[in-house]
Amino acid sequence: MKSFEEIINSEEFTAEELARLLDADETEQEALRARAEQVLFDYVGPNVYLRGLVEYSNVCRFDCYYCGIRRSANVSERYTLEPEQVVEAAVWCAKNGLASFVIQSGERRSDKFIDDVCRIVSEIKRNTRSERLPDGLGITLSIGEQSYASYKRLFEAGAHRYLLRIETTNPAIFAAIHPEGQSLEERKEALGYLKEVGYQVGTGVMIGLPGQTSLDLARDIEFFRDTDVDMIGMGPFLIHHDTPMSEYLEEWERRKEDIYRLALKMIATTRLALKDINIASTTALQALKPQGRNEGLRHGANVIMPLFTPLEVRQNYKLYDGKPCLDDNADDAMDKVIKNVASIGRQVGLDLWGDSRHFKKRQTNGH
Ligand code: 5AD
């Protein structure tokens with residue numbers, strides 16, 4: 001059996017070795033972190049890329065047991081932004097050096113919804129081309145499982161990246177946190193469609209789910225590797241009071257500190273295993289600890305997604321309790337992110353799409 005030191009310096013890892021990294025104690029965690037940071041610098045570089053995030057609609061057809069905007073949650077107002085509001089936020093981002101933009105939404109499948117998103121995407125492209133950004137804003141979608149045909153239409157409209165989290169690859173846990181009718185297999189199939197259409201594809205999981213072991217998370221990392229994904233967004237599982245999973249509140253409170261550390265170790269371990277992908281340091285990490293997003297970057301993440309949702313609807317898009325940045329306007333959000341990144345000795349890659357290196361390699365190799 002390899003020592004911890006030998007494992008972190010390996011090129012390839014078994015599931016057991018990945019689980020051993022995830023079980024690191026505090027001293028080992030620092031060694032893991034330092035190694036992950038080194039791998040990030042060697043394979044991707046120290047730049048932190050920004051994606052302006054707009055939460056387009058909190059209407060959702062699904063009823064996931066953990067999520068604060070699930071269909072049966074008592075959200076004070078269900079909203080859908082006007083296309084102009086999304087385009088306006090995108091234009092602000094383009095003017096202020098954020099070359100990349102994410103449209104996220106609850107999951108909806110009507111033709112009108114897809115039509116509207118297509119129109120928004122092409123409007124953004126039309127309105128953000130400039131000398132500095134000859135190809136306009138880079139656009140990522142995070143609007144759930146859709147048909148192959150819809151993915152294709154959205155891609156042709158100008159979106160080029162797509163985030164669709166698998167949430168967990170453990171079938172029993174997946175089934176326990178989703179109502180019947182949602183399936184792990186369909187989620188995997190959707191990820192396959194996205195790749196086939198030509199998107200840069202991102203996925204991710206929640207960390208610290210009830211019953212989830214280090215070996216489960218190790219297998220999640222193997223799934224990321226075997227699916228050959230370009231981007232990862234993952235964060236700690238957090239409680240939303242108005243969901244069935246709020247029954248875990250006490251257990252969760254007890255484990256909170258461990259879940260936080262586990263989420264950071266998961267970022268570092270994923271960096272060691274997948275090397276040249278983009279990894280986001282997510283808002284959920286910051287919800288758990290004010291320093292969380294910076295720590296994510298220090299553990300090998302290289303993407304931050306500051307919020308640009310119009311302030312008047314932001315409190316209606318709470319996936320979990322304790323969501324930060326509820327009243328930061330666009331200027332504040334941008335200032336904060338630049339200062340935060342500078343405070344850990346890194347730099348924001350302004351005016352850069354910051355595409356996944358892995359995707360570029362995948363294209364050159366023709367697969
Ligand atoms: N805790 C942490 N993450 C959550 N998400 C949704 N609800 C929660 C929660 N309670 C994450 C899911 C989803 C993403 C948009 O937000 O992973 O894919």
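**View 1. D230 sits in the loop between α9 and β8 (231–236).** In this predicted model, D230 has a relative accessible area of 0%, so this residue counts as buried. One polar contact is worth a look here: a polar atom of the D230 side chain lies 3.4 Å from the backbone nitrogen of F359.

**View 2. The surroundings of D230 bring in residues from elsewhere in the sequence.** Setting aside neighbours within four places in sequence, D230 touches Y199, Q200 and V201, then I277 and N278, and finally S356, H358, F359 and R362. Take R362 as an example: this residue is 132 residues from D230 along the chain, yet their C-alpha atoms are separated by 9.0 Å.

**View 3. Helix α9 covers residues 214–226.** How far apart are the end C-alpha atoms of helix α9? They are 18 Å apart, which agrees with the 18 Å expected for 13 residues at 1.5 Å a residue. Its buried residues are S214, D216, L217, A218, D220, I221, E222, F223 and F224. After α9 comes D228, with a positive phi near 60 degrees.

**View 4. Stepping back, the chain has 15 helices and 10 strands.** Its radius of gyration is 19 Å, close to the 21 Å that the globule rule gives for 367 residues, so the chain is as compact as a globular protein of that length. The C-alpha atoms fill a box of roughly 55 × 45 × 40 Å along the principal axes. Of the 367 residues, 60% count as buried. Among contacts between residues at least 6 apart in sequence, 75% join residues at least 24 apart.

Note on methods:
Residues numbered from 1 in each chain as written. Predicted model: local features only at pLDDT ≥ 70, side-chain atom pairs only at ≥ 80, totals over all residues. Heavy atoms only, no water. Helix = DSSP H or I, 4+ residues; strand = E, 2+ residues; numbered from the N terminus. Expected span 1.5 Å × (residues − 1). Buried < 20%, exposed > 50% of the residue type's maximum accessible area, 1.4 Å probe, protein only. Contact = heavy atoms within 4.5 Å. Polar contact = N/O pair within 3.5 Å; in protein donor to acceptor, adjacent residues only side chain to side chain. Rg over C-alpha atoms; globule rule 2.2 N^0.38 Å.
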